[in-house]
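Please look through the sequence and the model below before reading on. The paragraphs that follow walk through a few of its parts in turn.

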Amino acid sequence: MLYTPVHSLIDQSLHSRLGAETTNGDGFGVGWYDAAAAPGLFRSIEPAWNDLNLRELAGHVSSHLFFAHVRAAIGSAVQQTNCHPFRHGRWLFMHNGFIDGFAAIKRDLVLAVDESLYPEIQGTSDTEVLFYLALTFGLQDDPPGAVARAIGFVEARGRGRGVDYPFQGTLATSDGETLWAFRYSSQGDSRSLFYTRDVRTLRREYPDREILREVPDDARLVVSEPIGDLPGAWEEMPEATYAVVRPGEDQLLPFRPE
């Protein structure tokens with residue numbers, strides 16, 4: 001998925017078609033789940049297309065669930081601790097977008113983070129603060145509700161400072177068994193997000209494609225931009241919705257901040 005298909009993620013890091021930035025060269029990160037207690041994490045400030053270690057890693061790591069992110073920095077420094085995905089225990093979290101007016105409300109947001117979690121914040125990005133807000137608001141017990149409360153808190157503080165549209169973006173989080181992916185913006189005009197159609201349906205439509213015979217029936221990709229060259233393989237996630245992806249079950253549900 002990183003290198004092989006047409007318009008792969010590595011190609012998108014250089015030639016994004018739908019992103020806010022055409023080039024995403026301010027670092028990258030991959031996170032993956034295996035037999036270890038916590039997910040693996042590899043992040044770098046190198047451009048993804050130029051990192052031989054990433055290519056080596058991708059050729060040897062096997063995982064049933066992985067995250068990958070290419071970054072175009074908005075406001076925060078280009079450093080490893082600002083590269084996505086972010087990790088806490090079993091949880092991974094990444095975001096495509098931004099908190100508008102973050103500098104003005106950063107203090108309010110950080111002071112709302114649970115005291116026990118605050119020492120774990122390592123970087124300066126808005127996404128990491130959003131992650132720890134979601135953890136504070138119950139991510140481990142109720143992911144959709146915690147994300148709704150975190151974004152709602154961001155919107156309340158932002159609008160209190162005169163920011164019309166405080167939140168923009170798509171985000172994903174996982175505990176290694178279930179993936180939750182969200183598409184929402186305060187303005188109602190979010191960054192793009194797509195998911196693959198049912199694999200069994202695609203096999204019937206493209207019986208000669210070997211990759212479709214290699215993946216399991218319940219395989220699912222969720223991406224900012226479609227990859228590959230299979231017409232009709234992708235569905236765009238509607239505005240203000242979230243997806244729940246787990247073995248044997250997928251759901252698409254409305255999302256509203258609290």
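A good place to begin is strand 6, where Phe 167, Gly 169, Leu 171 and Thr 173 point one way while Gln 168, Thr 170, Ala 172 and Ser 174 point the other way, and all of these residues are buried. The model in which this is seen is a predicted one. With 8 of the 8 residues of strand 6 buried, the strand is largely enclosed by the rest of the structure.

The neighbours of this strand can be taken one at a time. Strand 5 and strand 6 pair in the antiparallel sense, over 8 bridges, and within this pairing Gly 97 stands opposite Gly 169 in strand 6. Strand 6 also pairs with strand 7, again in the antiparallel sense, over 7 bridges, and here Leu 171 is found opposite Phe 182 in strand 7. Strand 6 and strand 7 form a hairpin with 4 residues between them, and Gly 176, which lies in the turn, has a positive phi of about 100 degrees.

Leu 171, which lies in strand 6, deserves a closer look. Its relative accessibility is 4%, so Leu 171 counts as buried, the cut-off for that word being under 20% relative accessible area. Leaving aside residues up to four places away in sequence, Leu 171 touches Phe 93, Met 94, His 95, Leu 130, Val 147, Ile 151, Trp 180, Ala 181 and Phe 182. The C-alpha atoms of Leu 171 and Tyr 242 are separated by 9.4 Å, although these two residues are 71 residues apart along the chain.

Aromatic rings provide another way into the structure. A pair of aromatic rings is described by the distance of the centres and the angle of the planes. A search of the whole structure finds 10 aromatic pairs. In one of these, the rings of Phe 167 and Tyr 184 have centres 6.3 Å apart and planes at 20 degrees, so the pair is stacked. Phe 167 belongs to strand 6 and Tyr 184 to strand 7, and the pair links distant parts of the chain, 17 residues apart. Both Phe 167 and Tyr 184 are buried.

Which kind of aromatic pair do Tyr 184 and Phe 255 form? Their pair is edge-to-face, with 5.6 Å from centre to centre and 70 degrees between the planes. Because Tyr 184 lies in strand 7 and Phe 255 in the segment after strand 12 (249–254), this pair ties together parts that are 71 residues apart in sequence. Tyr 184 has a relative accessible area of 12% and is buried, and Phe 255, at 6% relative accessibility, counts as buried too. Ring pairs link Phe 167, Phe 182, Tyr 184, Tyr 242 and Phe 255 into a cluster.

The helices come next, beginning with helix 4 (residues 126–136), which is mostly covered, as 10 of its 11 residues are buried. Among the buried residues of helix 4 are Val 129, Leu 130, Phe 131 and Tyr 132, and Leu 130 has already appeared as a residue touched by Leu 171. What covers the buried residues of this helix includes strand 4 (86–88), strand 5 (91–99), helix 3, helix 5 and strand 6. Helix 4 is followed by Gly 138, whose phi is positive, near 105 degrees.

Two of the elements that cover helix 4, namely helix 3 and helix 5, also meet each other. The axes of helix 3 (residues 102–112) and helix 5 (residues 143–160) come within 10 Å and cross at roughly 145 degrees, and the crossing is right-handed. On the side of helix 3 the residues in contact are Ile 105, Asp 108, Leu 109 and Ala 112, and they meet Phe 153, Val 154, Arg 157 and Gly 158 in helix 5. The residues of this contact divide into 5 nonpolar, 1 polar and 2 charged.

One further sheet remains to be described. In it, 3 strands form an open sheet in the order 9-8-10, with antiparallel pairing. Strand 9 (222–223) and strand 10 (234–236) are the edge strands, each pairing on one side only. Strand 8 (residues 194–196) pairs with strand 10 in the antiparallel sense over 3 bridges, and Tyr 195 stands opposite Glu 235 in strand 10.

Conventions. Residues numbered from 1 in each chain as written. Predicted model: local features only at pLDDT ≥ 70, side-chain atom pairs only at ≥ 80, totals over all residues. Heavy atoms only, no water. Axes fitted to C-alpha atoms, helices over the stretch in contact; angles between N-to-C directions. Left-handed = near helix turned anticlockwise from the far one by under 90°. Contact = heavy atoms within 4.5 Å. Nonpolar A, V, L, I, M, F, W, Y, C, P; charged D, E, K, R; others polar. Phe/Tyr/Trp six-rings, centres within 6.5 Å; stacked < 30°, edge-to-face > 60°. Buried < 20%, exposed > 50% of the residue type's maximum accessible area, 1.4 Å probe, protein only. Pairing = 2+ DSSP bridges.
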